[in-house]
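Trainee: Could you take me through one part of this fold up close, and then follow what is attached to it? I'd like the geometry along with the cut-offs behind each term.

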Amino acid sequence: MEGELEDLEKIQIKILNRIKQLEISHLPSQFSSSVSLSPSNEETESQGTTQSRLSSILRSNGVTDFLFKTVPSDYYDRPFESRREILNAASIHHLCKSIVLVNTQAPASVIDCSDRNNSKYYVVVVQYTARFNADSVKNFLYTLNDGKIPKKRFNLRLAPELESLKLTGYEHNGVTCVGMKTDIPVILDEAITRLDPDFFWLGGGEIELKLGIKTSEFINYVKPFIINCSSSS
């Protein structure tokens with residue numbers, strides 16, 4: 001219970017900070033120009049700690065071609081092209097996100113991620129420019145289990161934010177597949193493997209920290225299921 005309260009408090013603090021940033025952004029120019037939207041010292045220190053921890057995990061698992069970048073606090077208020085410029089990504093299609101899904105119809109015996117073929121939770125990595133298709137994941141898992149589990153037992157939905165935080169240790173817009181609290185099986189959308197160059201961006205463990213990584217090294221380390229689970233939006 002204490003841990004849940006701490007997680008909830010973190011979310012509340014982030015929400016209050018975000019409200020403050022939005023209020024500042026709507027001030028008249030003569031006022032807003034004098035107020036900084038840069039991360040606080042505490043946020044910067046947190047990002048540095050996260051970056052060091054995740055960098056160590058990546059290197060220890062043979063990943064060498066990766067890069068972290070800190071983004072402005074209004075990053076998610078900007079259009080894709082502006083985000084691409086901030087990260088110097090090859091295209092807007094190289095901007096990806098990690099979403100935590102929960103199987104709401106899993107049998108009562110399935111309560112965790114111990115069986116990656118029939119897990120209670122999955123993390124799906126998909127492009128921002130693509131439309132995620134949950135039915136594709138449902139069909140994949142049904143086939144993966146040789147049809148022994150009825151299709152009605154697969155109903156993948158976005159996990160509640162607090163549940164996602166507890167499982168991954170990361171907040172919304174900061175979720176990454178590296179260094180999660182729980183070893184959640186990962187599904188990588190096949191479209192990402194076809195990107196040229198093969199270097200994409202995703203969350204970096206903090207809302208204002210992003211991780212760029214070579215696709216082949218990501219696959220070698222994370223060992224995700226690779227399926228076609230999106231369409232052009």
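Mentor: Let's start with strand S2 (96–103): seven of its eight residues are buried, so S2 is largely enclosed by the rest of the structure. "Buried" here means under 20% relative accessible area, "exposed" means over 50%, and "partly exposed" is whatever falls in between, with a 1.4 Å probe and protein chains only. Strands (E, at least two residues) and helices (H or I, at least four) are DSSP runs, numbered from the N terminus. Bear in mind that this is a predicted model: local features need pLDDT of at least 70, side-chain atom pairs count only at pLDDT 80 or more, and totals for chains, interfaces and linings use all residues. Residues are numbered from 1 along each chain as its sequence is written, and side-chain values use heavy atoms, with hydrogens and water left out.

So what does S2 pair with? Two strands pair if DSSP finds at least two bridges between them. S2 runs antiparallel to S3, with seven bridges joining them, and Lys97 sits opposite Val126 of S3. S2 is also antiparallel to S5, this time through three bridges; there, Leu101 has Leu158 as its bridge partner.

Zoom out a notch and you get an open sheet of five strands, ordered S5-S2-S3-S6-S9, with mixed pairing. S5 (156–158) and S9 (225–227) are the edge strands, each pairing on one side only. From one strand to the next the twist averages 35 degrees, using axes that are lines fitted to C-alpha atoms (for helices, over the stretch in contact) and angles from 0 to 180 degrees between N-to-C directions. The parallel part of the mix includes S3 and S6 (186–189), which are joined by three bridges; Val123 faces Val186 of S6 there.

Now go back up the chain from S2. In the loop between H4 and S2 you'll find Asn88, which has a positive phi of about 60 degrees despite not being a glycine. Most residues other than glycine have a negative phi, and most peptide bonds are trans. Asn88 is also exposed, at 59% relative accessible area.

H4 brings us to the rings. There are six aromatic pairs in the structure: rings of Phe, Tyr and Trp (its six-membered ring) pair if their centres lie within 6.5 Å, with planes under 30 degrees apart called stacked, over 60 edge-to-face, and the rest tilted. One of them is Phe80 with Tyr128, tilted, at 6.0 Å between centres and 50 degrees between planes. Phe80 belongs to H4 (80–87) and Tyr128 to the loop between S3 (121–127) and S4 (130–132), so this pair ties together parts 48 residues apart in sequence. Phe80 counts as partly exposed, at 29% relative accessibility. Another pair is Phe200 with Phe218: their centres are 5.2 Å apart and their planes at 80 degrees, so this one is edge-to-face. Phe200 lies in S7 (199–206) and Phe218 in H8, so parts 18 residues apart in sequence are tied together. Both Phe200 and Phe218 are buried.

While we're at H8 (215–222), its buried residues are Thr215, Glu217, Phe218, Tyr221 and Val222. Looking down the axis of H8, they fall within an arc of 160 degrees, so they line one face of the helix; the arc is that of the directions from the helix axis to the C-beta atoms. Leaving H8 for S9, the loop holds Lys223, another non-glycine residue with positive phi, near 55 degrees. Lys223 is exposed, with 54% relative accessible area.

Two arginines are worth a look too. A charge sits over a ring if NZ of Lys or CZ of Arg is within 6 Å of the ring centre and within 35 degrees of the ring normal. Arg116 lies over the face of Phe225, 4.2 Å from the ring centre, and Arg83 does likewise over Tyr75, at 5.5 Å.

One last backbone oddity: a cis peptide bond links Asp196 and Pro197, with omega about 5 degrees. Pro197 is in the loop between H7 (190–193) and S7.
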